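Biologist: Please take me through one part of this model closely, strand by strand. Then set that part in its wider context.

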Amino acid sequence: MQAQQKQTPAGKQPEESTGKRSLAGEEYEVEIGPVAHGGHCVARTDAGQVLFVRHALPGERVVARVTEGEEGARFLRADAVRVLDPSKDRIEAPCPYAGPGRCGGCDWQHAKPGAQRRLKGEVITEQLHRLAGLTPEQAGWDGTVMPAEGDKLPAGQVPAWRTRVQYAVDAEGRAGLRRHRSHEVEPVDHCLIAAEGVTELGVERRDWTGMESVDAIAATGSQDRQVVLTPRPGARLPLVELDRPVSVLRVEEDRGRSGTRGVHRVHGRPFVRERADGRTYRVSGGGFWQVHPKAADTLVTAVMQGLLPRKGDMALDLYCGAGLFAGALADRVGDSGAVLGIESAKRAVEDARHNLAHFDRVRIEQGKVESVLPRTGIDRVDLVVLDPPRAGAGRTTVQHLTTLHPRRIAYVACDPAALARDLAYFHTNGYQPRTLRAFDLFPMTHHVECVAILEPAEKGV
Ligand SMILES: C[S@@+](CC[C@H](N)C(=O)[O-])C[C@H]1O[C@@H](n2cnc3c(N)ncnc32)[C@H](O)[C@@H]1O
């Protein structure tokens with residue numbers, strides 16, 4: 001690979017912290033190598049330094065301008081600022097706010113939709129190989145990343161899928177999105193991936209002076225609309241006048257002893273009603289719900305098809321949020337079965353208990369999975385669903401789960417790296433993936449959702 005240093009901007013001072021010269025602003029002409037996890041591709045300078053280049057595609061020849069990193073660092077971050085030899089997968093970014101130094105919300109606006117899914121597939125393949133030592137075949141995966149229903153659009157058209165958008169607010173009170181790895185705000189007058197219900201509120205056209213951020217939520221399956229205001233210290237709440245009626249919540253200034261900031265109702269309902277698998281779920285205080293309107297149903301279907309619950313089964317729903325999988329399991333295990341959900345967020349636990357109150361067979365425990373699960377005294381279960389946050393479940397929880405001898409485990413993962421690492425722990429403890437499915441529930445971004453179904457490994461495997 002030929003890499004050529006193009007220019008060295010004058011006036012670069014050694015950085016105080018390390019004494020090493022920052023390379024930010026330097027430009028290299030490079031050939032772009034494979035995609036890497038995180039929305040960028042890998043390239044190398046002549047000196048052999050690794051560049052993580054955003055706004056590029058594999059196989060392209062580009063001029064990459066360094067955005068972060070210093071001499072001698074293991075890797076540098078860079079943006080492709082000129083494309084000399086474009087990939088056939090490249091398109092003109094449909095979003096006017098995408099591009100080097102602009103909005104950090106999307107990573108692949110410049111890639112055809114099919115190519116985005118292929119790139120995500122390559123990332124999953126690489127993570128499985130590197131962290132779990134698995135080929136796609138060994139993971140039971142056909143290598144495809146499926147679009148959500150209705151999202152297969154021609155190149156240049158963008159699915160408006162984001163039902164929850166956190167707008168950052170700049171010093172002039174304009175709503176926008178944060179630039180990549182920055183606190184700076186890119187003001188936007190229309191986010192293309194925002195769901196229609198979010199766009200209709202008109203958050204982007206209002207003055208939000210004094211606010212740090214404004215979360216806009218458009219529920220799926222109900223007309224509930226909500227904004228959650230996070231004020232700057234000492235700021236007064238604005239009068240919220242949007243283009244549609246909304247309920248308004250406010251985030252507390254101070255973090256409590258738990259380290260989290262409380263959320264209070266200003267007016268309207270303190271929750272929104274979401275629908276999935278034929279049931280309505282209350283989600284309070286801006287709590288977790290899948291962001292893509294098809295995500296909850298897509299994931300419930302994949303999990304239930306993988307687990308095949310039977311009447312009388314005892315099942316766990318770990319990291320259960322408002323009770324999405326616990327509800328689906330409760331239906332399928334019947335009166336003779338039982339479901340235990342575990343969730344750390346107090347409001348989500350209240351929601352899950354409320355949402356599933358009509359099932360005697362469902363119990364929801366509050367606390368961290370890693371501490372609550374061992375305390376339950378349960379020593380055997382039939383089925384497990386785990387849907388942990390980005391960091392994954394970790395070695396101890398994985399190990400504990402395998403001692404319960406479940407017939408099948410469904411691992412729902414929003415980070416393929418954490419999934420692959422945890423699959424390796426499962427392998428060590430005698431469980432192997434039987435199938436893996438991947439869904440593009442975050443079009444235009446590098447994020448991807450996977451559902452792995454695990455079973456006890458056959459003896460000798
Ligand atoms: C990816 S969400 C999944 C929620 C739910 N399964 C759904 O699809 O709506 C992860 C959930 O785990 C919770 N959580 C994070 N860390 C946790 C922990 N250590 N133990 C229990 N719950 C945790 C979060 O509050 C969040 O509700």
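Modeller: Start with strand β10, residues 175-178, and its partner β11. The two pair in the antiparallel sense, over three bridges. One facing pair fixes the register for the eye: Arg178 stands opposite Val185 in β11. Bear in mind that this is a predicted model.

Now step back to the sheet that holds this pair. Seven strands form it, and the sheet is open. Read across, the order is β11-β10-β9-β12-β13-β14-β15. The pairing is mixed. One edge is β11 (185-187) and the other is β15 (261-267). Each of these edge strands pairs on one side only. On average, neighbouring strands here are turned by 35° against each other, with direction ignored.

A second open sheet is built from eight strands. Its order runs β8-β23-β24-β22-β21-β18-β19-β20, again with mixed pairing. The edges are β8 (145-147) and β20 (362-366), each with pairing on one side only. For this sheet, the average turn between neighbouring strands is 20°, direction ignored.

Look at the β8 edge. Strand β8 pairs with β23, residues 431-440, in the parallel sense. Three bridges join β8 and β23. Val145 gives you a landmark: Val145 stands opposite Ala438 in β23.

The domain assignment gives the frame for the protein chain. Domain 1 covers 4-85. Domain 2 comes in two segments, 117-152 and 290-456. Domain 3 covers 164-274.

How do domain 2 and domain 3 meet, and how many residues are in contact? Five residues of domain 2 are in contact with five residues of domain 3. The side of domain 2 that touches domain 3 has five nonpolar residues, with no polar and no charged ones. The centres of domain 2 and domain 3, taken over C-alpha atoms, are separated by 29 Å.

Finally, the ligand. The ligand has 19 residues around it. Those that come nearest are Tyr319, Gly321, Ser344, Lys368 and Asp387. Three elements give two or more residues to this shell: α5 (324-333), β19 (338-343) and α7 (369-375). Strand β19 is also a member of the eight-strand sheet, placed between β18 and β20 in the order. By class, the shell around the ligand has twelve nonpolar, three polar and four charged residues.

Technical notes:
Residues are numbered from 1 along each chain as its sequence is written. This is a predicted model: local features need pLDDT of at least 70, side-chain atom pairs count only at pLDDT 80 or more; totals for chains, interfaces and linings use all residues. Two strands pair if DSSP finds at least two bridges between them. Helices (H or I, at least four residues) and strands (E, at least two) are DSSP runs, numbered from the N terminus. Axes are lines fitted to C-alpha atoms, for helices over the stretch in contact, and angles run from 0 to 180 degrees between N-to-C directions. A residue is near a molecule or strand if its C-beta atom, placed from the backbone, lies within 6 Å of it. Ala, Val, Leu, Ile, Met, Phe, Trp, Tyr, Cys and Pro count as nonpolar, Asp, Glu, Lys and Arg as charged, and the others, Gly among them, as polar. Domain bounds come from an automatic or database domain assignment. Two residues are in contact if their C-beta atoms, placed from the backbone, lie within 7 Å.
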